[in-house]
Amino acid sequence: MGFRPSLVIAHLMIIGVMLAQCPDSVAAWGADGHRITCHIAEPLLTPAAAEAVKSLLPEYANGSLASLCTWPDDIRWMWKWMWTSPLHYIDTPDFYCNYDYERDCHDELMEKNMCVAGAIYNYSSQLLGYKAPSDLTTDALLPLQQGQNSYNLTEALLFLAHYVGDIHQPLHVGFTGDLGGNTISVHWYTRKYNLHHVNSLTLQLIYLSFPTNYDVFSFPQPTSDLIALLDQIWDSEFIFRARDYMFGQDITALTNAIYLNVTTNWLEESKEWAKCPNDTYPCPDPFASESINLACKFAYRNATPGTTLQDEYFLSRWPIVERRLAQGGVRLATLLNHLFSANASS
């Protein structure tokens, strides 16, 4: 979610309540989701794309795009970068449950192209200016840095990787009236769970049976309550709960399970996810349409203000979150492969 001035006071009040009630549950906003998306993308890169990504990353990243996938969220509160706030989301007309670029891609001042889909188009275009280090000569370096392609391509790469993740979160293409779920306050339970009673193999079997067989397993009753914004639940709380109760608090195991699905159970589907209409890249508009459809069918449904969301909501929606993370990773890799292979071939 991008920074919205009208929400500052509300957010500070919510954060205060959360810190008072549940100090151990607050973590970086959406960080795990973005890292999962980038981790899924990295092994799917072609050699040319992997080399390009590595050359654009700073040395301290050690070649890991995932380690910096949260950067656009990390800097969005800084004065220099506040202009990027609308680039994290799209607000659509309430209850239309559809998306149209010309109608919806603008900021609060109605400036066109200032939305997450517009950002994906923009930063993809910038990365077309990339040249592999082996293609650069001393004479060519100056025009690359100061000519018409004088963009910071490291920043372009990090923004693009992040925004491809954002557009796959259903409530990042939500309703204008509630700012993508950011004014819907609901109760999200936290539970004490004795992992000694259920070993990791049992947890994996339960995970693989979702969502059809979850009712055979009885989760413990809630012991405390967390007041949360609906967007926060989809940004972070789903992943936290899946990580803690399905994978023994191991985010790497969760990531590997999704990647395994991409390369096995969902292999044929993932090939379809990677395609753009008319083979024209990038194509963020279909991704945005998917998100608002999912928001209407799953995120908003049964989540009115004051609702207590528990097992039924979590277990029936987690497969949606899981697939959106996977789709984001597959599509990010496909886009980077396209952008950097075009430069390599030229």
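Phe159 and Tyr163 are both buried, which makes them a handy way into this predicted model. The two residues share helix H8, which covers residues 153–166, and sit four residues apart there, or about one turn of the helix. Their ring centres are 5.6 Å apart and the planes meet at 10°, so this pair is stacked. For a stacked pair the planes have to be under 30 degrees apart.

A second stacked pair turns up elsewhere. Phe175 and Tyr300 have ring centres 4.3 Å apart and planes at 5°, so they too count as stacked. Here the partners come from distant stretches of the chain: Phe175 belongs to strand E2 (residues 173–175), while Tyr300 is in the loop between helix H13 (284–299) and strand E5 (308–309), so the pair ties together parts 125 residues apart in sequence. Phe175 has a relative accessibility of 4% and therefore counts as buried. Tyr300, at 12%, counts as buried as well.

These are two of the model's aromatic pairs, which number 18 in total. Ring pairs also join up into a cluster made of Trp188, Tyr189, Trp234, Phe238, Tyr313 and Phe314. One member of that cluster, Phe314, has a charged neighbour: the charged end of Arg241 sits over the Phe314 ring, 5.9 Å from its centre.

Back at helix H8, the next thing to look at is its meeting with helix H2, residues 31–41. The axes of H2 and H8 come within 9 Å and cross at roughly 110°. That angle makes H2 roughly perpendicular to H8. On the H2 side, the residues involved are His34, Thr37 and Cys38, and they meet Ala161, His162, Gly165 and Asp166 of H8.

H2 itself is mostly tucked away. Nine of its eleven residues are buried, so the helix is largely enclosed by the rest of the structure. The buried residues of H2 are Ala31, Asp32, Gly33, His34, Ile36, Thr37, Cys38, Ile40 and Ala41. His34, Thr37 and Cys38, which meet H8, are thus on the buried list too.

Then there is the nonpolar interior. In soluble globular proteins, nonpolar side chains tend to be buried together. In this model, the largest nonpolar core takes in 93 residues, and Leu65, Leu127, Trp234 and Leu336 have the most contacts inside it. Helix H14 (residues 311–345) supplies the largest share of this core, with 15 residues. Trp234 shows up in two places, as one of those well-connected core residues and as a member of the aromatic cluster.

Key: Residues numbered from 1 in each chain as written. Predicted model: local features only at pLDDT ≥ 70, side-chain atom pairs only at ≥ 80, totals over all residues. Heavy atoms only, no water. Core = buried A, V, L, I, M, F, W, Y, C linked by side-chain atoms within 4.5 Å. Buried < 20%, exposed > 50% of the residue type's maximum accessible area, 1.4 Å probe, protein only. Phe/Tyr/Trp six-rings, centres within 6.5 Å; stacked < 30°, edge-to-face > 60°. Lys NZ or Arg CZ within 6 Å of the ring centre and 35° of its normal. Axes fitted to C-alpha atoms, helices over the stretch in contact; angles between N-to-C directions. Parallel < 35°, antiparallel > 145°, perpendicular 65-115°, else oblique. Contact = heavy atoms within 4.5 Å.
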